[in-house]
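Please open the model in a viewer and keep the selection panel at hand. The tour below proceeds from a single residue to a sheet and then to two pockets.

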Amino acid sequence: MPEPTAARSARDWLTTLSRYREPSTRRSLWELAATLVPFLALWVLAWMALSVSPWLALAIAILNGGFLVRIFIIQHDCGHGSFLKNRTAQDWLGRALGVLTLTPYAVWRRTHSIHHAHHGDLDARGIGDVLTLTIDEYRARGWWGRLMYRLYRNPVVLFVLGPSYLFLLQNRLPFGLMKSGWRYWTSAMGTNAMIGIAVGLIIWFGGFWPVLLIYLPTSLMAATLGVWLFYVQHQFEETHWSKGEDWQLHDAALEGSSHYILPQPLRWFSGNIGIHHVHHLYSRIPFYRLPEVIRDHQTLAEAQRLTVRESLQSVNLHLWDTAQGKLMSFKEARSRYGVA
């Protein structure tokens, strides 16, 4: 597929990207098996290792967090309608995987669709985003509001406490959709019930140690990795935020999402979600077809590239500077604008 020589707007890519949208049922089932089988095998191996060493069991459980991240990516594709051609089977698969990922499928699918529909829109923040204030908004807050925002953006809160709160507590209720109908309550409560049954069976057959040394470490490792991936996919210096008539869906999707350059096997475990700018621009592309896009289109392969080292530096970015169109640190905002 030849690469166009002229510059293309974000919207212009849609027709090209639509050629990659069709999932292969055989490939999807293979990806599912290649993820679930080792995940369950490591679960059994960790359980067996408890009789040898609790530390060995814990190490295996932490490793298994990588497979749980990939399970979440498959659930994510189900929510976008890009994993299976049969929508009913796809939704039931998403619901079942939600028990493993601690994520009620219908609730997540709705809040995630809001994220896709409004990402980068300063007038529509609040659901599915990492809270990001502009410099003017931060300056307008009182000392308590500034303190709360600083605590929220602290790496310990974002990447240590935050994942535990989000997946263990917040996901137990349909936050953001509490008054949006029974289906979201059914999704949350049904997922909770199945999680409760699963944990009860683990305790029945193995006591509390498998929960403490296998179930929770695997879940929390996956949650932490997932939150980190979501963070770096949108929180980089030259990301995209705008408001009013300046905000445009496709521009925000392409320019406000990173191309996270990960080495193998991290690309495999993360389901190519690092190719996030393409995913946001055309979310119906199955995760296993995203590498085809950047292989065929050098322009997209070079856009919004973010290395692992650069991603670590993004932790120090906190405020959106509307004048310069970039994220900056509290320190830089204080130096440049006198923001306390």
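Begin by selecting Ile74 in this predicted model. Is Ile74 buried or exposed? Ile74 is buried: its relative accessible area is 1%, which places it under the 20% limit for that class. The residue belongs to helix H3, which covers residues 54-79.

Next, display the surroundings of Ile74. Leaving aside residues up to four places away in sequence, Ile74 is in contact with Glu31, Leu32, Thr35, Phe83, Leu93, Leu97 and Phe287. One of these partners, Leu93, lies 19 residues from Ile74 along the chain, and the two C-alpha atoms are 9.0 Å apart.

**The sheet**

Now select strands E1, E4 and E5. They form an open sheet in the order E1-E4-E5, and the pairing is mixed. Which strands stand at the edges? Strands E1 (133-134) and E5 (326-328) do; each has a single partner strand, so one side of each lacks a neighbour in the sheet.

Zoom in on E4, residues 319-321, which pairs with E5 in the antiparallel sense over three bridges. Within this region, Trp320 stands opposite Leu327 of E5. Add helix H17 (residues 330-337) to the view: H17 packs on the sheet, touching both E4 and E5, and its direction makes about 100° with that of E5.

**The largest pocket**

Turn then to the largest pocket, which holds about 1,300 Å³ of space. Its lining comprises 48 residues, and those closest to the centre are Gly128, Leu166, Gln170, Val227 and Phe230. To see the helices involved, select H3, H5 (105-118), H8 (155-169) and H10 (209-234), each of which supplies at least two lining residues. Which of the elements gives the most to this lining? Helix H10 does, with nine residues. Colouring the lining of the largest pocket by residue class shows 29 nonpolar, 17 polar and two charged residues.

**The second largest pocket**

Finally, move to the second largest pocket, with a volume of about 410 Å³. Of the 15 residues that line it, Leu40, Trp43, Leu100, Ala198 and Ile202 lie nearest the centre. Helices H2 (25-49), H4 (87-101), H9 (182-206) and H10 each give two or more residues to this lining. The largest share comes from H2, with five residues. Apply the colouring by class here as well: the lining of the second largest pocket divides into 13 nonpolar and two polar residues, with no charged ones.

Methods. Residues numbered from 1 in each chain as written. Predicted model: local features only at pLDDT ≥ 70, side-chain atom pairs only at ≥ 80, totals over all residues. Heavy atoms only, no water. Helix = DSSP H or I, 4+ residues; strand = E, 2+ residues; numbered from the N terminus. Buried < 20%, exposed > 50% of the residue type's maximum accessible area, 1.4 Å probe, protein only. Contact = heavy atoms within 4.5 Å. Pairing = 2+ DSSP bridges. Axes fitted to C-alpha atoms, helices over the stretch in contact; angles between N-to-C directions. 1 Å grid on protein atoms, 1.4 Å probe; cavity = no way out; pocket = protein on both sides within 12 Å on 5 of 7 lines; lining within 4 Å. Points joined across faces, edges and corners; volume = space filled by probe spheres on them. Nonpolar A, V, L, I, M, F, W, Y, C, P; charged D, E, K, R; others polar.
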